[in-house]
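Thanks for coming. I will walk through one chain this morning, and you can follow along on the screen.

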Amino acid sequence: MDTTPTNHPDGSGWYAIRLRGRLDSRWSAHFEGMSLTTGDGFTLLEGRVVDQAALHGVLHQLRDIGLSLVSVTQVEADDVTRPPRTPDTTTSGA
């Protein structure tokens, strides 16, 4: 799993969470305030997370759905609109 160091010790900030598999748009209601984009067999969940506990809550929900976690990256707000991309060969699924 790819993680990026955070400037916020509490874990708050904008995150891009990439999953292997397609998550139907009806799931977006479960991840309030986060955008859900699918493409090329991947799902990208992006949005603001208020703290580390909330991030773990999102990750637990995703685990319960059953999709493989590819990466969790803290991103700048400007980067949030980028579309899902196929991971390179060095990225491994969880």
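Notes on a predicted model

I will begin with a charged pair: Arg26 and Asp24 form a salt bridge through their side chains, at 3.8 Å from N to O. Before going further, please keep in mind that this is a predicted model. Arg26 counts as exposed because its relative accessibility is 59%. Asp24, at a relative accessible area of 43%, is only partly exposed, because exposed requires over 50%.

How many salt bridges does the structure hold? There are two. The other one links the side chains of Arg63 and Asp64, at 3.0 Å from N to O. Both Arg63 and Asp64 are exposed. As background, side chains of opposite charge can pair when their charged atoms come close.

Now the overall layout. The chain has four strands and one helix. Along the sequence the order is β-β-β-α-β. Of the 94 residues in the chain, 36% are buried. The chain exposes about 5,700 Å², and 49% of that comes from carbon and sulfur atoms. If you take the contacts between residues at least 6 apart in sequence, 71% of them join residues at least 24 apart.

Next, the strand pairing, starting from strand S1, which covers residues 13-20. S1 runs antiparallel to S3, and eight bridges join the two. One pair to look for on the screen is Tyr15, whose bridge partner in S3 is Gly47. S1 also pairs with S4, again in the antiparallel sense, over seven bridges. On that side, Arg18 stands opposite Ser71 in S4. Further along, Arg20 stands opposite Ser68 in S4.

How much of these strands is covered? In S1, six of the eight residues are buried, so that strand is mostly covered. In S4, seven of the eight residues are buried, so the strand is largely enclosed by the rest of the structure. A general point for reading the picture: in a regular strand the side chains alternate between the two faces of the sheet.

That brings me to the interior. The largest nonpolar core has 15 residues. Which residues have the most contacts inside it? They are Ile17, Leu45 and Leu62. The elements that give two or more residues to this core are strand S1, strand S3 (42-49), helix H1 (52-65) and strand S4 (68-75). H1 gives the most, with four residues. In soluble globular proteins, nonpolar side chains tend to be buried together.

Ile17 is worth selecting on the screen. Leaving out neighbours within four places in sequence, Ile17 is in contact with Met34, and also with Thr43, Leu44 and Leu45. The list continues with Leu55, Val58, Leu59 and Leu62, and then Leu69, Ser71 and Val72.

Now to the loops, beginning with the one between S1 and strand S2 (35-39), where Glu32 lies. Glu32 counts as exposed because its relative accessibility is 76%. Where does Glu32 sit relative to Val58? The two are 26 residues apart in sequence, and their C-alpha atoms are 9.9 Å apart in space.

Gly33 is also in the loop between S1 and S2. With a relative accessibility of 70%, Gly33 counts as exposed. Gly33 and Arg48 are 15 residues apart along the chain, and 7.3 Å separates their C-alpha atoms.

The last residue is Asp40, in the loop between S2 and S3. Asp40 has a positive phi of about 55 degrees, although it is not a glycine. For context, most residues other than glycine have a negative phi. Is Asp40 buried or exposed? Asp40 counts as exposed, because its relative accessibility is 66%.

To recap, S1 pairs with S3 over eight bridges and with S4 over seven. The largest nonpolar core takes its biggest share from H1. The two salt bridges are Arg26 with Asp24 and Arg63 with Asp64. That is all I have, and I can put any of these residues back on the screen.

How values were computed: Residues are numbered from 1 along each chain as its sequence is written. This is a predicted model: local features need pLDDT of at least 70, side-chain atom pairs count only at pLDDT 80 or more; totals for chains, interfaces and linings use all residues. Side-chain values use heavy atoms; hydrogens and water are left out. A nonpolar core is a set of buried Ala, Val, Leu, Ile, Met, Phe, Trp, Tyr and Cys residues joined through side-chain atoms within 4.5 Å. Buried means under 20% relative accessible area, exposed over 50%, partly exposed in between (1.4 Å probe, protein chains only). Contact means heavy atoms within 4.5 Å. Two strands pair if DSSP finds at least two bridges between them. A salt bridge is a side-chain nitrogen of Lys or Arg within 4 Å of a carboxyl oxygen of Asp or Glu. Accessible areas come from the Shrake-Rupley method with a 1.4 Å probe; for residues, only the protein chains shown count as cover.
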